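Notebook open, model loaded. I'm going through it piece by piece and jotting down what I look up.

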Amino acid sequence: MSSSSGWMGARRRTALLLAMAAFVSACTADSKEPARAQTVTQQAAQSGTLAAVARRVTPAVVSIESEFSPEVAAQMQSQEQGIPPEMIPPQMRPQGPARATGSGFLVSSDGYILTNNHVVANAEKVNVTLLDRRIFPAKVVGHDPGTDVALIKIDGSGFPTAPLGADSSVQVGDPVLAIGNPLGLDFTVTSGIVSAKERSGNLRALFQSDYAVVDFIQTDAVINPGNSGGPLVDMNGSVIGINSAIASPTGVYAGYGFAIPISIARTVMEEIRKYGHVRRAILGVSIQDVGPADAQAAGMKEIRGALVGGYSGNDSPAKQAGLQPGDIILAVNGKPIDRVSTLQRLLLGYQPGETITVDVMRFGQKHTAKVKLGEAPTSQETRVAGGPSSGENAPGGRLGIQVTPVTPEVAGELGLPTGMTGIAVVAVDPAGPSRGLLFPRDIITATLGGGQQHPVRAVNDLRSALQSRTGVASLLVYSPQAKGTRVVNVPLER
């Protein structure tokens, strides 16, 4: 499941900062871990609870060193700096294999280890160091870019293990420990609280997969480069998450860390052990969180659910079942959906081929559909958009945008699918109703209303559709950079 260059570009830059901050080799800085007061957990610390948990879990934590070819290292450097590889001066390119460090934790006494996908993906060699200083070569059993979870294995028996907990019972404000190998400081323990749950939003930019499950536990426990893949544990000593990323303007700890809930990681691990990869059930639609205008357009009083933006293709299970762009998914098999991450996590528990009941709100009317779930591809190609369009601007009236027809030249410049019609957004009024909703290079292909799509092939089509419209304009929009559609509900200016 799954704009302008400004919008997507900003998201991509954030993604690189977050992802690389959790991954860059710890051979860089003389940085010292920031000292700060842990007032929330002082009582637990004084009673010895934190020390007991650290003693219990740390032996099961491992340090991971991954070695990458010069070619892969160059790609990583390019992503980190946000520039094409050919623009990096030759003297600044990797001249040999690159190494990066991360963390992991043993989940079985015979050597299975959970970590992050980005710690071991594309590595030529992976070595694991235990607390007792023993070093083992590791084999990557399987990895899943859509959740950033990987399972690796070392040979042996009798290894200490970290028990897996239940993140569903964790509450905001609960004390937690993060254990890992930040900045080359092996087996470091930091403490904090659960700051939030079900974080998604801009964290979607961490993933290149169209089928990513974006659902993080947020914590203020100190997490730095090298912590990736290590456990976030509760006061029972059970793992509730895998530390994966940080939100930071500097690339080191300056804000919050994010961990993959262990319930998601456990499902991925079981799939990898059973099939060698994750068999992900999908609806075959692009989705987004519901905003006030979306709820208004759907005739809903509550602002909740997942808004259907478009189909993954003509063979989309949702399309075949009758779901439409603009529908808001309210429940699956009777289980309420309050946001995108809830739907993603729920679908992770189903297998491809299973049939589910989906309840939707469609512009004021409730509908129910039976959807036979499809299966996501096992790999995703990175998608790159073309450059911005230039052309004769035409006013978009009440939306506060400027648009231009999609000519063959514009279609070629933006890399649009063959035969696509619509109008391209050229500019957005920063004080208008479309600010933050529509972006240059977006293609408006249709207006939605009454459960029907009304194609937009020319500027006058859009003008006519909006002439008598009040409240909210529902638009079907194609994003060249994401290569998919989304539904945009714009509150209309009177």
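**Helix α11.** I started with helix α11, residues 459-467, where the buried residues are V459, L462 and L466. They sit on the same side of α11, because the arc they cover around the axis is only 65 degrees. I then checked the other side of α11 and found N460 and Q467 exposed there. Note to self: this is a predicted model.

**Whole chain.** I stepped back for the totals. I get 11 helices and 28 strands for the chain. Of its 494 residues, 53% are buried. I also looked up the accessible surface, which comes to about 21,500 Å². Carbon and sulfur atoms account for 50% of that surface.

**Helix α9.** How many of the 9 residues of helix α9 are buried? I count 8 of the 9 in this helix (residues 340-348), so α9 is largely enclosed by the rest of the structure. I wrote down the buried ones: V340, S341, T342, L343, Q344, L346, L347 and L348.

**Open sheet.** Next I traced an open sheet of 7 strands. I read its order as β5-β4-β1-β2-β3-β7-β6, with antiparallel pairing. The edges are β5 (135-137) and β6 (139-144). Each has a single partner strand, so one side of each lacks a neighbour in the sheet. From one strand to the next, the twist averages 30 degrees.

I picked one pair from this sheet to follow in detail. Strand β1 (residues 61-68) pairs with strand β4 (residues 125-129) over 5 bridges, in the antiparallel sense. For a register mark I noted E67, which stands opposite K125 in β4.

Which strands does helix α6 lie across? I find α6 (residues 262-275) across β2 (98-106), β3 (112-116), β6 and β7 (149-153). Its angle to β7 is about 50 degrees.

**Barrel.** Then I followed a closed barrel of 6 strands. Going round, I read β8-β9-β10-β13-β12-β11, with antiparallel pairing. Neighbouring strands here are turned by 45 degrees against each other on average, ignoring direction.

I zoomed in on one pair of the barrel. Strand β9 (residues 188-199) and strand β10 (residues 216-219) run antiparallel and are joined by 3 bridges. V194 has T219 of β10 as its bridge partner.

The barrel has a helix across some of its strands too. I see α3 (residues 49-57) lying across β8 (175-180), β9 and β11 (231-233). Against β8, helix α3 runs at about 35 degrees.

**Strand β16 and its partners.** I wanted to know how covered β16 is. Of its 6 residues (306-311), 5 are buried, so this strand is largely enclosed by the rest of the structure. Strand β15 (residues 285-289) is joined to β16 by 5 bridges, and the two run antiparallel. I noted D289, whose bridge partner in β16 is A306.

I then looked at β17. It pairs with β16 over 2 bridges, again in the antiparallel sense. Here I noted L307, which stands opposite I328 in β17.

**Positive phi.** I also went looking for positive phi outside glycine. N333 came up: its phi is about 50 degrees, although it is not a glycine. I placed N333 in the loop between β17 (328-332) and β18 (335-336).

R441 came up as well, with a positive phi of about 85 degrees, and it is not a glycine either. I placed R441 in the loop between β24 (423-428) and β25 (443-449).

Buried or exposed, I asked of R441? R441 is buried, because its relative accessible area is 5% and the cut-off for buried is under 20%. N333 has a relative accessible area of 35% and is partly exposed.

**S479.** My last lookup was a serine in β27, the strand made of residues 472-479. S479 counts as buried because its relative accessibility is 4%. Which residue does the side chain of S479 touch in a polar contact? I find R486, with a contact of 2.5 Å between the two side chains.

Technical notes
Residues are numbered from 1 along each chain as its sequence is written. This is a predicted model: local features need pLDDT of at least 70, side-chain atom pairs count only at pLDDT 80 or more; totals for chains, interfaces and linings use all residues. Side-chain values use heavy atoms; hydrogens and water are left out. Helices (H or I, at least four residues) and strands (E, at least two) are DSSP runs, numbered from the N terminus. Buried means under 20% relative accessible area, exposed over 50%, partly exposed in between (1.4 Å probe, protein chains only). A polar contact is a pair of N or O atoms within 3.5 Å; within protein, one must be able to donate a hydrogen and the other to accept it, and residues adjacent in sequence count only if both atoms are side-chain atoms. Two strands pair if DSSP finds at least two bridges between them. Axes are lines fitted to C-alpha atoms, for helices over the stretch in contact, and angles run from 0 to 180 degrees between N-to-C directions. Contact means heavy atoms within 4.5 Å. The arc is that of the directions from the helix axis to the C-beta atoms. Accessible areas come from the Shrake-Rupley method with a 1.4 Å probe; for residues, only the protein chains shown count as cover.
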